[in-house]
Amino acid sequence: MSAEPETTPLAKVTDLAVNLPTGRKQSVDAVRHVNLEVFAGEKIGIIGESGSGKSVTGRSIAGLLPTSPRVKLEGSIIVDGEEMIGADAAAWQQVRTHKVGMIFQDPLTYLNPVIRVGRQVEESIAPSKWKNRDPVVQEKSLNFLRLAGFPSPTEVSRKYPHELSGGMRQRVLIAIAIAKRPRLLIADEPTTALDTTVQKRVLETLATTVSETQTSLILISHDIGVVASMTERIYVMYRGRVVESGSTSQILSAPNHPYTQALLRSVRSLSEPDVDLYSIPLELRRKLEMEDVA
Amino acid sequence: MILEAKNVSKTFRSGGRGGLAVHAVKSANLTAARGEFVAIVGESGSGKSTLARMLLDLHPASEGTIFLRGVDVKSMSKNQRRDFRRTVQAVLQDPAGSLNPRKSVSQSIGEVIRLHKAANTKRDIRQKTLTALELVGLDPASHYLDRFPHELSGGQRQRVLIARAVALNPQIIIADEAVSALDASVKAGVLRVMADLQERLNVGYVFITHDLPVVKKVADYVHVMYRGEIVEHGPAQEIFQSPQHEYTATLLDATPSLDALDGAAPTAPGASAT
Amino acid sequence: MSHGAVPKITQTGGNRPKQQTWKVYLRKPAVVIFLTLLVIMVLVSFIGPNFVGSPFSTAHAPLQAPGGANPLGTDHLGRDYLARVVYGGRTSLLVGFTVALLCMTVGLLVGGLAGFYGGVVDTLLVKVAEFFQVIPGLLLALVAAALLGSNVTIIIGILAVTMWPVVARIARAEAMRIAELGYVESARAAGFSRFRIFWSDAVPNAMPPVLVATTMTVGLAILLESGLAFLGIGDANRPSWGALLNLAQPYITSAWWLAAIPGLCIFIVVLAVNMLGDALNDVLNPNIGKVK
Amino acid sequence: MKAVLIHYGKLLGSSFLLLLVVITILFALLEAAPGDPVQSLVGDAPVSEQFREQLVAAYGLDRSVVERYFIYMGSVLTGDLGTSFTTQTPVLDRILGRLGNTLALAIPATVISTLGGIILGVIAARTRNPLLDTGISGGAVGMFSIPNFWLGLMLIAIFSVQLGWLPAQGTASYGQSGIALEHMVLPLITLVTSQFAYNIRVMRSSMIESLGQDFVDTARSKGLSYRQIVWRHGMPNAMLPMITITGYGVGLILAGSVLVERVFGWPGMGLLLVESINNNDTLVVLGVAIVITVCILIANILTDIVYGLADPRLRARFRPKGSES
């Protein structure tokens with residue numbers, strides 16, 4: 001162990017491999033040998049195409065993979081100094097209660113439809129005070145709703161999820177995740193289901209909440225623009241591997257890996273008028289596949 | 001001028017007592033022609049998909065008229081209607097649900113060719129199917145004939161949909177969020193196919209999307225929809241350079257882009273950037 | 001599908017090619033066992049009558065225990081019980097499968113069309129289905145059969161009338177879901193007629209849950225028919241298993257096997273059909289690993 | 001508040017409509033029944049010419065179908081179900097005299113099958129032991145496939161005839177009135193079985209579905225234990241379909257009680273129905289059908305009230321529009 005607290009990452013993933021069942025007998029190596037670390041107060045991003053394993057990586061750190069015994073994890077996930085691979089349910093529960101929060105993509109389905117919003121936030125603050133509601137906890141939950149961008153939280157806390165708009169629901173999810181004061185927040189495609197104008201406001205909310213509470217952030221998205229505007233460091237994933245990582249500006253301005261280069265070129269080709277439409281050539285994909293096998 | 005919407009409106013009545021009227025589209029005007037790339041942009045609930053469905057004559061317009069070459073779609077004879085269905089093709093949203101999961105690629109494309117009698121013998125139909133698949137860059141085409149939708153990737157499915165539209169040699173393709181669900185690289189590939197077809201076959205597009213950068217990239221003419229109304233329209237360059245309507249400006253402003261960051265000061269790992 | 005979501009472990013069966021689905025189905029141990037059982041019961045009931053002699057001949061001593069010349073014993077009139085059980089099976093199975101077939105055809109057509117087209121027919125169907133969901137079929141069938149008389153055709157008719165809405169409801173829900181899907185809209189935009197889309201796109205895709213519902217209908221129809229027959233409402237010329245149970249009731253203290261055997265037959269057939277339906281449901285809509 | 005009243009007003013209205021439909025169907029069946037209408041009314045009893053004329057006049061058999069329909073409808077709705085020809089007493093009195101016995105079985109059967117179904121369904125859904133799940137689910141299919149009247153006969157053969165533990169017939173020992181507990185055991189088991197099995201299946205699949213929803217991930221991310229997730233988040237959502245099923249279950253149990261009462265000689269409405277069918281006492285047959293329908297409709301209204309309280313998405317329909325954003 002190092003003596004300097006600054007050099008000890010809050011969460012460190014080493015050589016992580018995840019195998020997920022996809023059918024009765026088939027399974028897929030969703031993540032292979034991923035290394036990743038996030039320091040206290042740092043904001044990092046994971047970008048990649050669908051199926052690149054970025055979500056699975058995020059869920060692994062929060063211990064939120066499917067509970068099926070056929071899900072296999074290897075490698076090491078150290079959260080706040082504790083090795084979590086092979087840890088029992090109680091240890092994971094401790095991590096989720098106090099250290100790692102998660103925000104998901106579809107704000108409607110990730111809220112319980114039959115429970116009032118306020119109660120869902122309170123549950124995150126004090127899971128044990130479900131039956132005897134504590135006014136202190138209630139007060140706290142209102143504060144977190146306010147922090148998540150609701151100017152009149154009392155009104156919102158009395159509503160059910162179906163009574164809120166998509167952007168409001170996403171803010172409630174942010175409030176839920178932040179309410180237990182986690183040290184690390186993992187946001188998995190938090191704005192993909194939202195309209196562009198709403199996305200902007202939600203991202204702003206996320207940014208202010210995270211910095212006001214001094215929480216570390218792992219932002220997972222297929223949208224490089226979203227990740228770039230929010231993070232300091234980026235991991236690029238492809239086919240279950242991290243192909244490149246580095247500071248956001250370095251990744252954007254001087255990518256090293258041919259895949260990152262191609263990915264950025266295709267993204268730029270979509271928005272910049274003077275670049276011809278460019279998609280990652282099949283030859284490159286095949287070449288990377290061959291390297292995988294080797 | 002080929003396909004034209006004149007003052008079309010669509011009002012849905014929400015069911016039950018009172019029957020609250022919802023104005024999905026309010027007197028919209030739009031024209032689409034061969035070789036032209038027309039885009040309709042707007043956020044969810046702006047009415048853009050409803051407008052597309054009216055152009056396709058899937059929803060009848062509550063008010064106003066859709067014309068194809070000056071003929072009112074509503075008053076078309078059977079022959080004219082068949083011609084309309086062939087001339088104006090659709091590539092719709094939802095890459096997973098747009099192909100019947102129980103029909104192979106050759107069945108899905110072949111049945112359309114047969115319906116419009118674009119080819120008659122088995123061999124001709126097969127040949128036409130292959131040509132269409134090649135046109136959209138699925139190569140070798142024969143490789144894809146017997147595949148079912150679940151055996152294709154999202155980008156491939158979208159190409160099959162475009163191939164099916166192209167097989168009938170249409171003049172206008174109405175594409176509703178046809179590339180929105182795809183990854184950037186795949187999206188670029190599909191768009192390139194579409195642009196290529198525009199050039200080679202002189203196809204015209206009505207392209208419905210919420211994705212502004214894409215519109216900026218490929219569209220010739222843009223309509224911006226907001227709450228059922230076309231609030232602004234004009235050549236793409238004008239709209240993007242000097243948006244007149246407040247909403248267009250908001251929309252442009254909200255779009256995340258890499259340009260802003262390229263020049264930004266690099267931030268060291270571990271340091272806080274707030 | 002959403003970007004980067006955890007790969008969904010569900011819904012693989014819906015996309016599996018047909019042959020493979022059936023292969024998976026036929027390889028399940030439960031399917032092997034219960035399909036064999038069902039086939040045996042069907043064969044015995046339909047070919048058996050050629051081998052077992054008359055079910056009406058009163059040539060034997062009454063109330064003989066199983067064994068010897070009468071493998072299943074004799075009833076209170078001295079009729080060979082094996083013959084009676086075999087003939088009874090023919091009626092029970094005939095009623096069960098005919099009713100299910102009628103329900104599937106009518107349910108798929110009416111439910112499918114109503115869900116696909118919507119409108120007045122749909123509203124009406126919802127009301128009718130609601131009605132039959134609220135008022136139990138057994139009660140209606142009982143009163144109807146009591147008033148209208150009861151030969152096999154009437155019983156089949158009454159059961160089909162009370163049971164088709166179950167299938168129709170499911171067909172409707174499926175057709176409604178499918179009508180909203182992209183490929184239906186694409187087909188309309190391509191110029192296909194609505195009926196052709198219904199037939200070629202909606203029906204095949206709505207089939208899996210309808211099939212499952214239909215298998216459940218077979219079992220339910222057999223149970224309802226035997227229930228009616230047990231109450232004395234059935235075709236006197238074609239006593240089904242339920243009718244045998246009705247006749248056996250007074251002898252429950254002295255000849256329990258008279259009640260045990262036909263009841264067991266009903267149980268085995270209904271169990272087999274339900275198990276097969278369950279397995280079919282598992283193959284078509286797998287929910288393995290769905291719990292988070 | 002007004003919206004609530006409108007909703008329940010509508011519910012009452014549609015229930016009443018359903019009752020009218022049932023009465024209409026019964027009337028139509030009566031009309032469609034083959035043979036002499038007088039005979040089908042009085043059954044097999046011989047009729048004097050004078051009595052026949054009385055009947056024709058009383059039931060308006062000389063009038064048109066439409067008139068007769070309205071007369072029948074009118075008398076049923078005013079509580080006049082006619083006179084039973086076997087006992088010469090009002091049909092309604094005979095039925096009400098039996099109603100208590102039927103409910104004495106049906107109500108506990110509903111409670112037991114619902115509670116039992118919920119408990120076993122939840123166990124099957126949340127167990128990590130595949131054998132236990134297969135056992136419970138397979139057992140449920142088994143119970144669901146047993147003809148309940150046969151189960152009753154077999155229970156009698158085993159527990160009454162062979163073992164002599166429990167009585168086989170009636171509500172109480174000979175000469176006693178009321179309902180004795182040991183007389184209830186076998187009929188209750190028989191009546192409960194299939195509904196119990198059905199409830200297990202529904203509860204299991206609805207629990208599995210509920211625990212597969214995305215919000216379970218949010219609950220997990222809060223650090224809740226599996227138990228807390230099951231009870232706080234899984235159960236409330238899984239209970240919604242159960243409420244509906246329980247409502248329909250009342251109807252199925254009442255229908256099933258016809259068979260069970262016949263097997264155990266339990267003098268309830270069901271047995272009355274069977275007896276009346278055998279005696280061709282048509283008015284009693286129709287009367288029982290109507291009274292059972294009314295019971296079912298009452299159960300349905302109660303179900304709707306409970307459902308409305310349980311699902312906030314439905315409660316929302318009572319709020320004025322515009323509170324949604």
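This passage goes through the fold of chain C and then the contacts that chain D makes with chains C and A. The model is a predicted one.

Chain C is a purely helical affair, with 10 helices and 0 strands. Reading from the N terminus, its elements simply go α-α-α-α-α-α-α-α-α-α. Of its 292 residues, 55% are buried. Among the contacts in chain C with a separation of 6 or more, 73% link residues 24 or more positions apart. As for the outside, chain C exposes about 11,800 Å², and 67% of that comes from carbon and sulfur atoms.

Next comes the interface of chain D and chain C. Here 56 residues of chain D touch 42 residues of chain C. Together the two chains bury about 4,300 Å², with carbon and sulfur atoms accounting for 77% of that area. Charge pairing across this interface comes down to 1 salt bridge, in which the side chains of Arg201(D) and Asp278(C) meet at 3.1 Å, N to O. Polar contacts add up to 8 residue pairs, counting pairs with both residues at pLDDT 80 or more. On the chain D side, the elements that give two or more residues are helix 1 (2-32), helix 6 (130-145), helix 7 (148-162), helix 8 (181-211), helix 9 (215-221), helix 10 (226-264), helix 11 (269-278) and helix 12 (282-310). Helix 10 of chain D brings the largest share, at 10 residues. By residue type, the side of chain D that touches chain C splits into 39 nonpolar, 12 polar and 5 charged residues.

Chain D also meets chain A. This contact takes 36 residues from chain A and 27 residues from chain D. The pair buries about 2,700 Å² between them, and carbon and sulfur atoms make up 48% of it. There are 3 salt bridges between chain A and chain D. One of them joins Asp217(D) to Arg59(A), whose closest N and O atoms sit 2.9 Å apart. The polar contacts between chain A and chain D number 17 residue pairs, again with both residues at pLDDT 80 or more. On the chain A side, two or more residues each come from helix 2 (89-98), strand 6 (100-103), helix 3 (117-125) and helix 6 (166-179). The side of chain A that touches chain D holds 18 nonpolar, 11 polar and 7 charged residues.

Note on methods:
Residues numbered from 1 in each chain as written. Chains lettered and ligands numbered in written order. Predicted model: local features only at pLDDT ≥ 70, side-chain atom pairs only at ≥ 80, totals over all residues. Heavy atoms only, no water. Helix = DSSP H or I, 4+ residues; strand = E, 2+ residues; numbered from the N terminus. Buried < 20%, exposed > 50% of the residue type's maximum accessible area, 1.4 Å probe, protein only. Contact = heavy atoms within 4.5 Å. Areas by Shrake-Rupley, 256 points an atom, 1.4 Å probe, with all protein chains shown as cover. Buried area = accessible area lost by both parts, 1.4 Å probe. Salt bridge = Lys/Arg side-chain N within 4 Å of Asp/Glu carboxyl O. Polar contact = N/O pair within 3.5 Å; in protein donor to acceptor, adjacent residues only side chain to side chain. Nonpolar A, V, L, I, M, F, W, Y, C, P; charged D, E, K, R; others polar.
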